[in-house]
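Reader: I would like a close look at one part of this model and whatever it connects to. Take me through it step by step, please.

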Amino acid sequence: MLTVSQKLPSFNLKGVVSLEQGKEFHDVKSENLQGKWAVLFFWPMDFTFICPTEIAGFGKRYRDFKDRDCEVLGISTDTEYVHLAWRKQHPDLRDLPFTMVADTKRELSQALGVLHPQEGVALRATFIVDPNGIIRHVGVNDLSVGRSVDEVLRVLDALQTDELCPCNWVKGQPTLEAG
């Protein structure tokens, strides 16, 4: 698995950005993240139980990520057509403000090392990437456990301070002095 301090691999994938006919899909390229903070979060499969709670959770907090100049990409190994069908069918996913990325060939999932060894689907992995394309945080949950969007935001805030942040630090609290 790629980890902190390593470069995010290059990718060029398809994503769902809209339910509007003729405007549903677009290319999602790693180069479009250059100069920006980014959160990439993976889920195992569409049309499942835990996944929509996480996806909707990131959608509800999307403005908080944008306020931090951070792009959000949600990714699974399903096709863009399955993503579109799920968005149309699931009320919590219809108006998502971020792209649902299709890693159908498992290229990015494999390059990052987040494929479940038996199931062959993406684990619930979260990567925070800095504006230089360097991975600054990795979190991975087993298939049965959803992640905390609040914790992803907390870690992003801490990384963006570029200072020493103690346990349970939240934005607005003092950081630590080295010495």
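Author: Asp-69 is exposed, because its relative accessible area is 59% and the cut-off for exposed is over 50%. The model is predicted. Asp-69 sits in the loop between H2 and S4. Its phi is near 55 degrees, which is a positive value in a residue other than glycine. Asp-162 is another case: this non-glycine residue has a positive phi of about 55 degrees. Asp-162 lies in the segment after H5. Asp-162 also counts as exposed, at 65% relative accessibility.

From Asp-69, move on to the sheet. What is the strand order of the open sheet? The seven strands run S2-S1-S5-S4-S3-S6-S7, and the pairing is mixed. The edges belong to S2 (25–29) and S7 (135–141). Each edge strand has a single partner, so one of its sides has no neighbour in the sheet. On average, neighbouring strands are turned by 25 degrees against each other, direction ignored.

Strands of a sheet pair through backbone hydrogen bonds, and the sense is parallel or antiparallel. Now take the pairs one at a time. Start with S1 (residues 12–16), which pairs with S5 in the antiparallel sense over three bridges. Val-16 stands opposite Met-100 of S5. On to S4 and S5: this pair is parallel, with four bridges. Here Ile-75 has Val-101 in S5 as its bridge partner.

S5 covers residues 99–102. Thr-99 and Val-101 point one way from this strand, while Met-100 and Ala-102 point the other way. All of these residues are buried.

Next comes S3. Is S3 enclosed or open to its surroundings? Six of its six residues are buried, so the rest of the structure largely encloses S3. Trp-37, Val-39 and Phe-41 point one way. Ala-38, Leu-40 and Phe-42 point the other way. On one flank S3 runs parallel to S4, joined by six bridges. The partner of Phe-41 there is Gly-74 in S4. S3 also pairs with S6, in the antiparallel sense and over four bridges. In that pair, Ala-38 has Val-129 of S6 as its bridge partner.

S6 (residues 124–129) leads to the edge strand S7. Six bridges join S6 and S7, and the two run antiparallel. Ala-125 has Val-140 in S7 as its bridge partner.

Two helices pack on this sheet. H1 (residues 51–60) touches S3 (37–42), S4 (70–76) and S6. The direction of H1 makes about 165 degrees with that of S3. H5 (residues 149–161) touches S3, S4, S6 and S7. The direction of H5 makes about 20 degrees with that of S6.

H1 deserves a pause. Eight of its 10 residues are buried, which leaves the helix mostly covered. Those buried are Cys-51, Pro-52, Glu-54, Ile-55, Ala-56, Gly-57, Phe-58 and Gly-59. What covers the buried residues of H1? The cover includes the strands S3, S4 and S6. It also includes H2 (62–67), H3 (80–89) and H5. H2 is also the helix before the loop that holds Asp-69.

Last, the pockets. Rolling a probe the size of a water molecule over the atoms shows where empty space is left. The largest pocket holds about 200 Å³ of space. It is lined by 14 residues, and those closest to its centre are Lys-7, Leu-8, Ser-30, Gln-34 and Gly-133. By class, this lining has five nonpolar, five polar and four charged residues.

The second largest pocket holds about 170 Å³. It too has 14 lining residues, with His-26, Val-28, Glu-71, Leu-73 and Thr-99 closest to its centre. S2 and S4 are the elements that give two or more residues to this lining. S2 gives the most, with four residues. The lining divides into seven nonpolar, three polar and four charged residues. This takes us back to the sheet: S2 is one of its edge strands, and Thr-99 of S5 is buried.

How values were computed:
Residues are numbered from 1 along each chain as its sequence is written. This is a predicted model: local features need pLDDT of at least 70, side-chain atom pairs count only at pLDDT 80 or more; totals for chains, interfaces and linings use all residues. Side-chain values use heavy atoms; hydrogens and water are left out. Two strands pair if DSSP finds at least two bridges between them. Axes are lines fitted to C-alpha atoms, for helices over the stretch in contact, and angles run from 0 to 180 degrees between N-to-C directions. Contact means heavy atoms within 4.5 Å. On a 1 Å grid over the protein atoms alone, a cavity is a set of points where a 1.4 Å probe fits but cannot get out, and a pocket is an open set with protein on both sides within 12 Å along at least five of seven lines; lining residues have an atom within 4 Å of a point. Grid points are joined across faces, edges and corners, and a volume is the space filled by probe spheres set on the points. Ala, Val, Leu, Ile, Met, Phe, Trp, Tyr, Cys and Pro count as nonpolar, Asp, Glu, Lys and Arg as charged, and the others, Gly among them, as polar. Buried means under 20% relative accessible area, exposed over 50%, partly exposed in between (1.4 Å probe, protein chains only).
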